[in-house]
Amino acid sequence: RLVGDMSGSMDEQKRHILQQCFVLILSSLREFNTYLNLTRSQTKSKLETDTEAWVFGDQEQKVKRLRSETGIENEQVEMVRIFEQLQNTLGNTFDHTALQAILQSLSPEDRNKIDQEKILEMVFEVTDGGSSNPAESRKAVDALLDARIVTRAFQIGQVNDEERSRFHSV
């Protein structure tokens with residue numbers, strides 16, 4: 001699950017970097033899944049990848065659903081639609097709302113599969129690091145980690161010492 005910062009601190013240059021990150025990560029995972037499908041008969045592997053994308057500002061918004069939710073084999077159309085959502089800033093930096101929504105979206109069956117190590121859930125956040133509510137964001141990250149979800153973040157753009165410090169604390 002890819003989470004992008006669309007807050008007011010994300011200027012045009014940072015939004016451009018965010019767009020590049022979305023293209024690179026989502027396209028790479030789609031290509032990897034295609035490779036897995038092409039080699040499945042040889043490898044006998046059940047491994048597959050699925051992606052979901054979120055943005056946040058004052059509130060969170062899911063901008064790309066999991067392929068398993070849509071039934072769409074060709075995700076390229078949905079990936080192109082993401083760029084409509086990556087144009088305008090969305091207010092404050094309430095990243096905790098997106099992280100909480102991701103955790104809440106997991107079904108009991110998904111949580112069970114995570115516990116049994118049958119699926120690996122990963123959350124990648126791309127942000128400039130200036131969380132509006134660092135304490136809530138830290139709690140949301142801890143809740144994801146407690147649920148055994150791999151959680152990482154990338155800080156992008158020119159940032160000041162306060163943003164860097166806030167990013168590292170969360």
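Modeller: Two strands count as paired when DSSP finds at least two bridges between them. This model is predicted. Take strand 2 and strand 3 in it: Val55 stands opposite Gln61 in strand 3.

Biologist: How many bridges join strand 2 to strand 3, and do they run parallel or antiparallel?

Modeller: Strand 2 covers residues 53–56, and 4 bridges join it to strand 3. The two run antiparallel.

Biologist: And which way does strand 1 run against strand 2, parallel or antiparallel?

Modeller: Parallel, again through 4 bridges. Look at Gly4: its bridge partner in strand 2 is Val55. Val55 also faces Gln61 of strand 3.

Biologist: Now the whole sheet. What is the strand order?

Modeller: The order is 3-2-1-4-5. The sheet is open, has 5 strands and shows mixed pairing. Strand 3 (60–64) and strand 5 (150–155) are at the edges, with a single partner strand each, so one side of each lacks a neighbour in the sheet. On average, neighbouring strands are turned by 20 degrees against each other, direction ignored.

Biologist: Which residues cover the two sides of strand 2?

Modeller: Ala53 and Val55 lie on one side, Trp54 and Phe56 on the other. All four are buried, and both faces of the strand are covered.

Biologist: Let's go to the helices. How do I read a helix pair?

Modeller: Two numbers describe packed helices: the angle between their axes and the distance between those axes. Now the case here. Helix 1 (residues 12–43) packs with helix 3 (residues 76–85) at an angle of about 170 degrees. Their axes are 11 Å apart. An angle over 145 degrees counts as roughly antiparallel, and helix 1 and helix 3 are therefore roughly antiparallel to each other.

Biologist: Which residues of helix 1 and helix 3 meet?

Modeller: From helix 1 come Gln19, Phe22, Val23, Leu26, Ser27 and Arg30. From helix 3 come Gln76, Met79, Ile82 and Phe83. By class, the contact holds 6 nonpolar, 3 polar and 1 charged residue.

Biologist: Arg30 catches my eye. Is Arg30 buried or exposed?

Modeller: Buried means under 20% relative accessible area. Arg30 has 18%, so it counts as buried. The residue sits in helix 1. Beyond four places in sequence, Arg30 touches Glu75, Gln76 and Met79.

Biologist: Next, the core. Which residues touch the most other members of the largest nonpolar core?

Modeller: That core has 17 residues, and the answer is Val3, Leu99, Leu103, Val123 and Ile149. Strand 2, helix 4 (95–105) and helix 6 (134–146) are the elements giving two or more residues to this core. Helix 4 gives the most, with 5 residues. Apart from this core lies another of 15 residues, including Leu2, Phe22, Val55 and Leu86.

Biologist: How many residues of helix 4 are buried?

Modeller: 8 of its 11, so helix 4 is mostly covered. The buried ones are Asp95, His96, Thr97, Ala98, Leu99, Ala101, Ile102 and Leu103. They pack against strand 1 (2–5), strand 2, strand 3, helix 5 (108–115), strand 4 (122–127) and helix 6.

Biologist: Pick one. What does Leu99 touch?

Modeller: Leu99 belongs to helix 4. With 2% relative accessibility, Leu99 counts as buried. Leaving out residues up to four places away in sequence, Leu99 touches Val123, Glu125, Ser137, Ala140, Val141 and Leu144. Take Ser137: the two are 38 residues apart in sequence, and their C-alpha atoms are 7.9 Å apart.

Biologist: What about a pair such as Gln116 and Gly91: how many residues apart in sequence are they?

Modeller: They are 25 residues apart in sequence and 39 Å apart in space, C-alpha to C-alpha. Gln116 lies in the loop between helix 5 and strand 4. At 41% relative accessibility, Gln116 is partly exposed.

Biologist: Last topic: backbone angles. What should I look for?

Modeller: Most residues other than glycine have a negative phi. Glu117 is not a glycine, yet its phi is positive, about 60 degrees. Glu117 is in the loop between helix 5 and strand 4. Its relative accessibility is 62%, so Glu117 counts as exposed.

Biologist: And what is the phi of Arg148?

Modeller: Positive, about 65 degrees, and Arg148 is not a glycine either. Arg148 lies in the loop between helix 6 and strand 5. With a relative accessible area of 41%, Arg148 is partly exposed.

Conventions. Residues are numbered from 1 along each chain as its sequence is written. This is a predicted model: local features need pLDDT of at least 70, side-chain atom pairs count only at pLDDT 80 or more; totals for chains, interfaces and linings use all residues. Side-chain values use heavy atoms; hydrogens and water are left out. Axes are lines fitted to C-alpha atoms, for helices over the stretch in contact, and angles run from 0 to 180 degrees between N-to-C directions. A nonpolar core is a set of buried Ala, Val, Leu, Ile, Met, Phe, Trp, Tyr and Cys residues joined through side-chain atoms within 4.5 Å. Buried means under 20% relative accessible area, exposed over 50%, partly exposed in between (1.4 Å probe, protein chains only). Contact means heavy atoms within 4.5 Å. Angles under 35 degrees count as roughly parallel, over 145 as roughly antiparallel, 65 to 115 as roughly perpendicular and the rest as oblique. Ala, Val, Leu, Ile, Met, Phe, Trp, Tyr, Cys and Pro count as nonpolar, Asp, Glu, Lys and Arg as charged, and the others, Gly among them, as polar.
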